[in-house]
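Here are a few exercises to work through with the model open beside you. Try each task before reading its solution.

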Amino acid sequence: MTNIKPSPSSLMQISINQTGLNGWTGSSLILGLTEGEIENQLNVLNEVCNSASLAKALQRKDFSAKQGELEIFELIEKDPPRKIILIGLGKAEKLLLEDLRKATARSCRKIMGEDKSFAIIFPWDIFDPSTAAKAVGEA
């Protein structure tokens with residue numbers, strides 16, 4: 001998971017957190033999903049919401065995680081996150097760093113001006129984590 005929040009100097013602060021969502025306090029969460037086994041990929045959200053309900057909602061919307069597909073869910077719980085953005089990344093075997101940049105930019109446009117701290121969860125293990133984090137920061 002990559003946490004992003006503004007620093008006092010107005011520059012974005014990006015940090016990599018490998019401990020999961022337990023204890024995270026941001027207001028929005030961006031989750032990049034690859035095609036296939038979407039329900040399994042949603043399990044990472046079990047600490048903050050009911051991923052089975054999200055999976056059902058995605059099925060109703062015919063979300064298949066094709067590249068660029070985007071769904072936003074507003075949560076009513078008091079605990080963070082209040083918003084979950086799910087973005088399709090396409091097929092895992094064809095995923096490029098440029099795809100992470102584009103997905104980050106598209107997702108962040110949906111929360112700009114309203115969120116001070118948010119997290120991005122992508123399939124980091126496909127890439128070198130520092131290179132992937134740099135690509136996200138460039139977006």
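A residue is called buried when its relative accessible area is under 20%, exposed when over 50%, and partly exposed in between (1.4 Å probe, protein chains only). This is a predicted model, in which local features need pLDDT of at least 70 and side-chain atom pairs count only at pLDDT 80 or more, while totals for chains, interfaces and linings use all residues. Residues are numbered from 1 along each chain as its sequence is written, and side-chain values use heavy atoms, leaving out hydrogens and water.

**Exercise 1. Get an overview of the chain.**

Step 1: Start with burial. Of the chain's 139 residues, 47% count as buried.

Step 2: List the elements. Helices (H or I, at least four residues) and strands (E, at least two) are DSSP runs numbered from the N terminus. The chain has four helices and six strands, in the order β-β-β-α-α-β-β-α-β-α from the N terminus on.

**Exercise 2. Find which elements build the largest nonpolar core.**

Step 1: Fix the term. A nonpolar core is a set of buried Ala, Val, Leu, Ile, Met, Phe, Trp, Tyr and Cys residues joined through side-chain atoms within 4.5 Å.

Step 2: Look for the best-connected members. The largest core holds 22 residues, and L29, L33, L42, L45, L58, I84 and L86 touch the most other members.

Step 3: Assign elements. Strand 3 (28–34), helix 1 (38–42), helix 2 (51–60), strand 5 (83–90) and strand 6 (118–121) each supply at least two residues of this core. Helix 2 gives the largest share, four residues.

Step 4: Look beyond it. Another core of 17 residues lies apart, with I85, I87, L100 and F118 among its members.

**Exercise 3. Describe the surroundings of L42.**

Step 1: Place the residue. L42 lies in helix 1, and it counts as buried because its relative accessibility is 0%.

Step 2: Collect contacts, meaning heavy atoms within 4.5 Å. Leaving aside neighbours within four places in sequence, L42 touches L31, L33, S51, L54, A55, L58 and L86.

**Exercise 4. Work out how strand 6 is placed.**

Step 1: Find a partner. Two strands pair if DSSP finds at least two bridges between them. Strand 3 and strand 6 run parallel and are joined by four bridges; one bridge links L31 to I121 of strand 6.

Step 2: Follow the side chains. F118 and I120 point one way, A119 and I121 the other, and all are buried. In a regular strand, side chains alternate between the two faces of the sheet.
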